[in-house]
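Grab a pencil and open the model in your viewer. Here are a few exercises, each followed by a worked solution.

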Amino acid sequence: MAPHRSRWSAVLALFLTGALVLAGCGGSSGTQQPPAPSTTPSGTEPASKFGGELKIGVLADVGNFNPLVSNSINDNWILDLMYPTLITMNEEGQKVPYFATDWYYEDDGMKAVFKLRDDMQWDDGTPFTAADVKYTAEIVQRDMIGLCGSMLTDVASVETPDDYTVVFNMTKPYGPFLTTLGYWLKIVPKHQWESVEKPAEYPNNTDLIGAGPFKLVKYEKGQYYELHRVEHFPLAPEGKAYLDKIFFRVYPDMNTAILALKKGDIDAIANPVPAASVHDLEGTPGITLSKTPSLGYTHMTYNTQNPHLAKAEVRRALIHATNKEAIRQVVLLGNAIAIPTVVSPVLSEWYDDSIKDYEFDPDKAKELLTQAGYSDGNGDGFFDGLELSLIYDSGHANISKWVTMVADDAAKAGIKINLQGMERNTYLAKAQAREFDIYAGSWGVMDEPADYFALLFNPDGYINYGNVDDPELTALIDKARFTMDQDVVKEAVTAVQRYVADKAYVNTLYVETYNVAYNTDRFEGYTVYPSDLLSYLHPLSLSQVHRK
Amino acid sequence: MQSYLIRRLLRGLLTMLISVTLTFLILRLMPGDPTLLVADTRMTEELRQSLLKLYGLDKPLIVQYGVYIRELLRGNLGLSFRQLQPVSEILMARLPWTLLLTGSSFVLTILLGIPLGVVAAVRRGRLADRVINAFSIVGCAVFVPWLAITLLYFFGYRWSLFPIGGAQDIGVEGLEKVISVAYHLVLPVVTLVIINLASYVLFLRTSMIDVLHEDFIRTARAKGLAERVVTYKHALRNAFLPTLTMMGLQLGYLVGGAVLTETVFAYPGLGRLIYESVTQLDYPVLQGAFILLAFTVIIANIFTDWAYGILDPRIRYE
């Protein structure tokens with residue numbers, strides 16, 4: 001072979017050395033540029049709070065721009081800035097007026113009335129009136145659209161005696177009607193939507209007209225959504241939002257979003273950050289982390305169609321065999337609130353704080369089971385015949401971790417639990433078909449106890465995963481929802497909580513607290529509302545955020 | 001040649017039909033109900049039925065299939081369940097970005113991989129070969145998201161040399177946009193090249209080493225030809241065939257194969273869209289995407305066959 005100058009080797013060796021040197025330099029701070037300020041640097045304080053552009057990172061695109069149909073949290077962060085509800089929630093978890101000023105019943109609940117603000121308008125200048133509310137309610141009812149379709153089944157007709165009053169004529173009184181519909185129904189502009197033939201199929205992806213503090217002006221799927229301030233929003237302290245623009249930038253990977261936040265490419269992340277990143281972000285100058293509790297709760301529900309789980313003693317034993325505090329500390333790293341009842345402590349007006357949680361006590365569990373007639377004939381450490389399947393979404397990081405703890409602790413009490421983790425859609429299908437003994441899951445938002453109790457515990461309830469058929473409980477629940485007297489309602493809601501806790505239908509584990517991160521070096525005025533849905537992204541919060 | 005091409009195309013069409021049918025069936029037979037994803041706690045049976053009707057899932061399977069094929073022949077890929085928008089629009093919005101990303105890395109991988117493979121073969125056993133081998137194996141074994149995040153961390157965050165994710169800066173036009181796009185392309189392409197380089201390098205190296213031992217190479221040298229001519233004109237040309245096959249296979253991955261990279265770099269490509277559509281049970285988008293993928297693979301295949309014929313006259317299309 002002819003001899004060669006080892007030119008290639010030399011080049012490669014140089015490259016290698018260079019790479020090694022660079023990697024070794026990882027420890028030094030390098031040439032890190034300061035994050036680009038969102039405001040133009042000037043020698044004086046900005047005279048007014050108006051101006052500035054806030055960039056928020058989100059982990060997914062808007063899937064569906066139709067506010068009547070869309071059910072995803074990512075969609076709602078952006079749609080809520082445009083489409084109003086009549087009622088919203090305050091920082092204490094109470095329902096308060098938003099576009100409505102007042103709501104009440106007449107004729108013993110046969111009429112449900114909303115009084116509206118008279119100073120709101122759509123961003124094309126058309127006034128926001130009762131006609132919009134009537135129209136929205138009617139199409140939702142007619143076409144059974146989305147979340148709110150089922151809320152309007154008892155409505156006979158809708159009237160608007162004047163421009164700012166809406167009257168629902170009911171076929172029968174329903175206590176939670178006003179506060180549920182008012183909280184969930186997003187109002188659409190009649191003058192734009194009345195020409196839409198099939199509102200449930202309307203993509204609404206161009207020319208969106210909203211009545212909120214910001215409006216969507218431009219977007220590129222997979223990349224960003226650009227919203228501009230609307231010049232008329234009386235609910236903001238100075239008549240309109242301070243920020244000129246809000247950008248939502250899409251980062252499918254949380255790690256990338258965190259890097260972008262630290263560098264200053266974005267000013268906030270909409271999605272809650274994982275517990276493991278909290279420490280890192282807390283140490284980053286300019287970034288503030290806030291905690292916000294979920295409005296739902298995480299639980300295990302027992303299928304009472306299983307002959308073992310039909311017995312209250314078995315269910316109580318299972319709860320005694322669950323180490324809830326360990327789960328909260330070890331898996332959730334403390335980002336969890338204890339919840340001994342089926343109402344979240346966040347809902348301060350409904351939560352019964354007198355209810356005591358079941359203590360973690362495997363021996364007591366064994367005692368209860370022995371009393372119920374179970375025994376360990378073959379000496380294998382498990383009660384004979386007591387074998388239960390537990391289904392969960394294996395894509396859910398936290399739940400996947402604590403179900404193993406649950407199974408291990410249950411074994412200490414002599415109960416055999418077979419864990420069945422599965423892909424999310426399979427899991428939902430099995431839940432739907434009630435093909436499980438124990439269901440481990442998480443409710444998103446449970447805002448109105450009197451209403452959702454029926455969904456959870458009445459025999460025809462859609463999410464009655466426990467197949468509960470308990471006439472005494474049903475009577476209490478129906479009392480809570482069909483009475484107009486608020487004191488009676490409160491009593492009944494408390495009674496339901498105590499009854500369910502005693503019967504141990506549900507093993508309520510925790511209310512997750514989310515950590516949300518945003519920049520407070522360049523901006524201030526954030527208010528953090530309960531739940532990851534509202535968080536600091538609530539229209540009333542973002543309309544008050546301004547440059548420092 | 002004419003009849004060969006026609007036969008190939010017809011075969012391609014048949015393959016597409018089969019793949020479309022299979023996709024259609026698998027999606028509808030697998031567990032999971034797209035309606036359940038729309039309204040969780042407040043779902044009612046009525047709402048569920050109306051959603052099933054909207055998605056066309058209430059009809060018998062054979063009817064659904066017939067409708068789908070009929071619409072497909074008209075060029076209508078249907079409406080996305082999730083977005084209520086035409087699937088073709090959704091795919092076309094993301095396709096250019098994917099092609100830009102995977103196309104650039106494909107070209108770069110070949111431009112780098114072939115010389116490196118040749119060098120490794122020619123300098124077999126020496127330092128250059130060992131180094132190239134080591135790099136290739138590491139590149140093969142490395143976990144894509146880890147590599148992507150590491151590059152982002154150092155080059156994007158610590159040294160601020162490149163942007164952190166995204167395809168472009170918002171709101172730029174014209175030349176500025178071109179530069180911005182190129183700038184954002186660097187790190188994702190580097191990631192993909194590092195990962196894909198290994199296959200080419202090692203494949204080519206092996207074939208080259210084999211070929212370099214053949215008699216005709218010895219003859220060429222005996223004839224007094226320059227080593228460079230021997231290496232490139234004679235050895236490489238023959239050793240290239242298996243690599244060409246692999247290139248054809250990789251071309252098939254151009255459309256959907258960069259999911260992890262697209263995710264970490266927030267690059268708005270098709271790979272990520274496909275992944276999301278799976279979890280969201282968005283059948284029409286998935287069907288549309290798989291048609292696109294099948295189409296790409298088939299075209300890549302035809303191209304590979306044709307290129308084979310050019311490189312090796314011994315291969316005839318009968």
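**Exercise 1.** Take stock of chain A: how many helices and strands does the secondary structure come to?

*Solution.* Start with the count: in this predicted model, chain A has 17 helices and 20 strands. Next, put a box around the C-alpha trace, which spans about 85 × 80 × 50 Å along its principal axes. Then look at burial: chain A has 548 residues, and 46% of them are buried. Finish with the contacts. Taking those between residues at least 6 apart in sequence, you'll find that 69% join residues at least 24 apart.

**Exercise 2.** Work out which strands of chain A pair with S10(A), and in which sense, parallel or antiparallel.

*Solution.* Begin with strand S1 (residues 53-58) of chain A. Six bridges link S1 to S10(A), and the pairing is parallel. To find your place, use A:Glu53, whose bridge partner in S10(A) is A:Lys245. Now go to strand S9 (residues 224-229) of chain A. S9 and S10(A) run antiparallel and are joined by five bridges. Here A:Tyr224 is a handy marker, with A:Arg249 as its bridge partner in S10(A).

**Exercise 3.** Describe the side of chain A that touches chain B: which elements give two or more residues to that side?

*Solution.* Get the head count down: 51 residues of chain A are in contact with 49 residues of chain B. The elements of chain A that supply two or more residues to this side are helix H1 (7-24), strand S10 (245-250), helix H6 (254-263) and helix H12 (424-432). Then sort the chain A residues by character, which gives 21 nonpolar, 23 polar and seven charged. Notice that S10 turns up again here, after its pairing with S1.

**Exercise 4.** Classify how helix H4 (residues 87-122) of chain B and helix H9 (residues 227-252) of chain B are arranged, and say which residues meet.

*Solution.* A quick reminder of what you need: two packed helices are described by the angle and the distance between their axes. For this pair, the axes come within 11 Å and cross at roughly 135 degrees. An angle over 145 degrees would count as roughly antiparallel, and 65 to 115 as roughly perpendicular. H4(B) and H9(B) are therefore oblique to each other. The crossing is right-handed.

Now zoom in on the residues. H4(B) brings B:Phe106, B:Ile110, B:Val118 and B:Val122, which meet B:Thr231, B:Leu236, B:Met247 and B:Gln250 of H9(B). Sorted by character, the contact has six nonpolar residues, two polar and no charged.

Definitions and conventions: Residues numbered from 1 in each chain as written. Chains lettered and ligands numbered in written order. Predicted model: local features only at pLDDT ≥ 70, side-chain atom pairs only at ≥ 80, totals over all residues. Contact = placed C-beta atoms within 7 Å. Helix = DSSP H or I, 4+ residues; strand = E, 2+ residues; numbered from the N terminus. Nonpolar A, V, L, I, M, F, W, Y, C, P; charged D, E, K, R; others polar. Axes fitted to C-alpha atoms, helices over the stretch in contact; angles between N-to-C directions. Parallel < 35°, antiparallel > 145°, perpendicular 65-115°, else oblique. Left-handed = near helix turned anticlockwise from the far one by under 90°. Buried ≥ 20, exposed ≤ 12 C-beta atoms within 10 Å, placed from the backbone. Pairing = 2+ DSSP bridges.
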